[in-house]
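Please provide an explanation of how the strands and helices of this chain are arranged and how they contact one another.

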Amino acid sequence: MQFNSDQKFKNSNAHRLSELKPAGTKLILDPKTELTELLKLTFFDLTLKQVLIIKKAKLKSHPRDPYLREYIVVETGKNFTKYKPSSYEKYFTDLIDEDSYFKLIPFLRAIFKNIPSEYNHKKEIVRDLKLKSHFKSGFISSIFSLFKINFKGKKLKKELQEYLDEVDQNIVTLIENEPKKALQLILFLQGNIFLLKNLKFELLEKLKSFLPTQSKDEDDFLNDLLWFDYIYDPELSFSDLFSDISEMFDSVDDYFDFDGGGDWGGDHDFDFD
């Protein structure tokens, strides 16, 4: 998979994976993707770029609580101030600054509360990532909140899916046997690595020694794409953390009902066990 020199790759739209953020790629692959999944992809992409960081911390649930409890916490990362978020990413970045942090559940609750609807959020992603020409539009689609790709979108979907399937079939072998090529591929895919089914994140540790020299370009995040230092707990398994956070997204989604309207006035406390 020498994607920089392969003519078939150059003649396809698979090269767009280097510029598409994962929420946009996911919508091309599956326009019916639920809001929760899109938010997960955006959140993990922002941590990958070290715009945000996540870690475990022992905190009191309130000032008079005599016990420390373990929470997953969100803070700003080293690239927070220089990153230029798309408008749909601002649901995450506008909530926090360099002097604050959030427990993950209240952070997610605030994000869900600010999003008007799943349909509108999808339209925002498509507009920001310049994908409008790949989706059907019109009065009927708008009235019934239909979200479907058109002929151009189907062509792009086919090419992206074929490429990602090939990567998925080979990524573990590449990391084990051809780490330089694996690193090149991961740097190319950026946040789209979260769409891979077979990538075991702990395997990425093997690629650290192959990282390129840090670029002087302040907008170059290539060296941040292997984000081993953004988790402060060295014993923390990223796969376990990924699973825990996914469950928290789902729990917030179950609580928040876009159709019926959720009661967000209550002060609900979610411990991380």
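**Sheet and helix packing**

In this predicted model, E75 stands opposite Y101, a residue of strand β3. This pair belongs to the junction of β2 with β3, where three bridges join the two strands and the strands run antiparallel. On the other side of the sheet's order, β1 is joined to strand β2, residues 69-76, by eight bridges, again in an antiparallel arrangement. Within that pairing, L59 stands opposite R69 of β2.

Taken together, the three strands make up an open sheet, arranged in the order β1-β2-β3 with antiparallel pairing. Its edges are β1, spanning residues 52-59, and β3, spanning residues 101-103; each of these strands pairs on one side only. Averaged over the sheet and with direction ignored, neighbouring strands are turned by 35° against each other. As a general point, the strands of a sheet pair through backbone hydrogen bonds, in either a parallel or an antiparallel manner.

Helices also pack on this sheet. Helix α3, residues 35-48, touches β1 and β2, and the direction of α3 makes about 95° with that of β1. Helix α5, residues 104-114, touches β1, β2 and β3, and its direction makes about 95° with that of β3. Strand β2 is thus named in both sets of contacts. The burial of β2 may be considered alongside these contacts: the strand is mostly covered, with six of its eight residues buried.

Helix α3 has a further packing partner in helix α6, which comprises residues 118-128. The two helices pack at an angle of about 40°, and their axes lie 10 Å apart. An angle under 35 degrees would count as roughly parallel, and one of 65 to 115 as roughly perpendicular; α3 and α6 are therefore oblique to each other. The crossing in which α3 passes α6 is left-handed.

Which residues make the contact of these two helices? From α3 the contributors are L35, L38 and L39, and from α6 they are E118, H121, K122 and I125. By character, the residues in the contact of α3 with α6 divide into four nonpolar, one polar and two charged. Helix α3 accordingly appears in two settings, packing on the sheet through β1 and β2 and packing with α6 through L35, L38 and L39.

Key
Residues are numbered from 1 along each chain as its sequence is written. This is a predicted model: local features need pLDDT of at least 70, side-chain atom pairs count only at pLDDT 80 or more; totals for chains, interfaces and linings use all residues. Side-chain values use heavy atoms; hydrogens and water are left out. Two strands pair if DSSP finds at least two bridges between them. Helices (H or I, at least four residues) and strands (E, at least two) are DSSP runs, numbered from the N terminus. Axes are lines fitted to C-alpha atoms, for helices over the stretch in contact, and angles run from 0 to 180 degrees between N-to-C directions. Contact means heavy atoms within 4.5 Å. Buried means under 20% relative accessible area, exposed over 50%, partly exposed in between (1.4 Å probe, protein chains only). Angles under 35 degrees count as roughly parallel, over 145 as roughly antiparallel, 65 to 115 as roughly perpendicular and the rest as oblique. A crossing is left-handed if the near helix is turned anticlockwise from the far one by less than a right angle, and right-handed if clockwise. Ala, Val, Leu, Ile, Met, Phe, Trp, Tyr, Cys and Pro count as nonpolar, Asp, Glu, Lys and Arg as charged, and the others, Gly among them, as polar.
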